[in-house]
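Subject: The structure for you to look through

Hi there,

Here is the structure I promised to pass on. Please open it next to this email, so that you can find each place as you read.

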Amino acid sequence: RDIREYVARAFGAATAGRPGPVVLAIPEDMLRDEVEALDRPKIAPIAQPPCAGAMEAMFGLLKDATNPVAIIGGAGWDRDAAHHFATFAWRHGIPTAAAFRRQDAISNDCGVYAGQLGYGPNPKLQQRIREADLLLVVGARLGESTTDGYKLVTPDHPDQLIIHVHPDPNELGRVYRADLPICADMGEFAEMAADWRDPELVRFSSGEEAHKEWLQWSEPASREGVKLDLGPCVKAMRDALPANTIICNGAGNFSGWWHRYWHYGPMPTQLAPTSGTMGYGLPAAVAAALRFKDRPVICVAGDGDFLMNGQELATAAQYGADLLVILVDNSAYGTIRMHQERDYPKRISATQLANPDFVKLAEAYGGWAERVETTEQFAPALTWAMERKGIRLLHCVTDVEVITNQTTISALHAR
């Protein structure tokens with residue numbers, strides 16, 4: 001008889017602070033019980049605005065700073081937060097980096113967007129963060145991936161001040177000492193920051209400098225001797241697809257080409273796991289295709305990544321999802337192979353894959369597919385794919401030697 005109370009509490013806990021799952025355990029025999037109960041109204045998430053004193057303190061620290069950098073994205077971030085924070089950051093010229101796989105936290109065409117943190121970031125952005133005297137962390141938890149194993153920013157961060165804004169008070173001070181902790185809803189904070197006026201705060205020039213560095217970093221150059229070069233392929237996608245395209249990916253080195261070279265538009269345009277979950281991309285793409293039927297949805301997957309959940313093409317077929325899979329096939333678990341070659345050169349163990357014919361596999365689900373073996377074949381194949389509806393798949397056959405967008409296996413051996 002109290003089930004409605006427990007369900008309401010579960011929804012409240014799931015949406016409060018840092019959103020997350022809740023487990024409600026009940027005895028099996030209750031599943032067959034019939035009870036009379038009034039339905040509870042919708043549980044609205046608690047949206048706490050920041051206090052004026054905290055905002056005044058934050059702007060005071062910004063006025064004293066010489067090299068501030070913002071790191072954004074995470075719990076409770078939405079389109080309103082993205083819009084208002086971009087307004088605030090641009091007005092004051094603050095370089096703004098996205099936390100790991102939060103690259104749509106603001107539209108990448110914002111003139112102070114500085115790029116992403118995580119695996120394979122721009123070395124100039126990393127150096128900018130090391131030299132920052134003030135870090136404004138909004139929504140991000142400063143986890144292992146964003147901080148490069150807690151080395152880019154250390155938990156005690158000597159010679160740096162941290163303003164940490166997060167909706168969950170349990171996250172503030174949990175790992176990183178915050179000089180100014182602010183517990184607030186992301187949208188409420190960003191809107192207040194955008195509306196706050198302080199004529200004494202001089203605009204920083206570093207925001208536009210950081211954006212130019214990111215633009216240079218995100219422009220792919222052809223790699224000599226690479227038969228299918230994914231960098232120019234991503235550039236071809238940028239030229240052919242609209243800014244509201246949703247890119248979905250799982251975990252693996254393959255995703256690094258898109259993290260570096262794709263320009264993400266206003267959110268939601270990136271669906272990617274911060275937990276390193278293989279197989280995430282295709283189910284996410286199916287969901288996105290059914291939710292956003294007026295926008296292109298692309299699943300980017302490695303071969304090992306795709307094989308984790310490739311059967312979800314059946315779900316896409318069943319519900320008529322309109323999506324494109326770009327399947328990067330190097331016949332290996334590439335990320336694990338990279339670690340093997342780096343730490344135990346030429347001692348390969350259980351990372352080679354004997355793959356199916358992915359073109360025929362897609363066709364078996366009623367889809368259209370094309371095999372791509374060279375860079376020159378990619379753009380025409382992409383055009384053919386986008387002219388069609390339903391399930392489409394580009395089987396991109398790459399060389400495992402080209403293990404990331406920055407290095408090769410031979411280079412790892414030469415270290």
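Below is what I found, going from the core to the surface and then to the salt bridges and some details of the backbone.

Before you start, please keep in mind that this is a predicted model.

**The nonpolar core**

A good place to begin is the inside. Nonpolar side chains tend to be buried together in soluble globular proteins. Here the largest nonpolar core has 39 residues. If you want to find its middle, look for M58, W77, F85, F88, L136, V138 and F189, which have the most contacts inside it. Several elements give two or more residues to this core: the helices α2 (52–64), α3 (79–92) and α5, together with the strands β1 (68–72), β4, β5 and β6 (180–183). Which element gives the largest share? That is α3, with six residues.

**Two patches on the surface**

Now turn to the outside. One patch there is negatively charged and brings together D78, D80, E188, E191 and D195. Helix α5, residues 186–195, gives the most to this patch, with three residues. One residue to look at is D195, which lies in helix α5. Is D195 buried or exposed? Its relative accessibility is 54%, so D195 counts as exposed. D78, another member of the patch, is found in the loop between β1 and α3. With a relative accessibility of 34%, D78 counts as partly exposed. To get a feeling for distances in the model, try going from D78 to A301: they are 223 residues apart along the chain, and their C-alpha atoms are separated by 25 Å.

The other patch is nonpolar. Its members are Y6, V7, F11, L24, I26, M30, L31 and I43, and together they have about 700 Å² of accessible area. V7 is a handy one to pick out, since its place is in helix α1 (residues 3–15). V7 counts as partly exposed, at 34% relative accessibility.

**Salt bridges**

Side chains of opposite charge can pair when their charged atoms come close. The count in this model comes to 15 salt bridges. Three of them are worth finding on your screen.

Start with E171 and R18, whose closest N and O atoms are 3.7 Å apart. E171 is in the loop between β5 and β6, while R18 is in the loop between α1 and α2, so this pair ties together parts that are 153 residues apart in sequence. The two partners are not equally covered: E171 counts as buried at 10% relative accessibility, whereas R18 is partly exposed, with a relative accessible area of 37%.

E171 also meets R174 in a salt bridge, at 4.0 Å from N to O. R174 counts as exposed, at 53% relative accessibility.

Then there is the pair of D322 and R392, with 2.7 Å between the closest N and O atoms. What does this pair tie together? D322 sits in the loop between α11 (313–319) and β10 (323–329), and R392 belongs to strand β12 (residues 391–397), so the bridge links parts that are 70 residues apart in sequence. D322 counts as partly exposed at 26% relative accessibility, and R392 as buried at 4%.

Some of these bridges share partners: R18, R141, E171 and R174 are joined in this way into one network.

**Details of the backbone**

Finally, here are a few spots where the backbone deserves a careful look. A cis peptide bond joins M267 and P268, with omega at about 0 degrees. P268 lies in the loop between α8 (255–261) and β8 (270–271).

R101 has a positive phi of about 55 degrees, although it is not a glycine. You will find R101 in the loop between β2 (96–98) and β3 (113–116). R101 is buried, with a relative accessible area of 7%.

L142 is not a glycine either, and its phi is positive, at about 55 degrees. The loop between β4 (134–138) and β5 (161–166) holds L142. At 1% relative accessibility, L142 counts as buried.

Have fun exploring, and write back if you get lost along the way.

Best wishes

Key: Residues numbered from 1 in each chain as written. Predicted model: local features only at pLDDT ≥ 70, side-chain atom pairs only at ≥ 80, totals over all residues. Heavy atoms only, no water. Helix = DSSP H or I, 4+ residues; strand = E, 2+ residues; numbered from the N terminus. Buried < 20%, exposed > 50% of the residue type's maximum accessible area, 1.4 Å probe, protein only. Patch = residues over 30% accessible without salt bridge, like charges linked within 9 Å, V, L, I, M, F, W, Y side chains within 5 Å. Areas by Shrake-Rupley, 256 points an atom, 1.4 Å probe, with all protein chains shown as cover. Salt bridge = Lys/Arg side-chain N within 4 Å of Asp/Glu carboxyl O. Lys, Arg positive; Asp, Glu negative; His and termini not counted. Charge placed at Lys NZ, Arg CZ, Asp CG, Glu CD. Core = buried A, V, L, I, M, F, W, Y, C linked by side-chain atoms within 4.5 Å.
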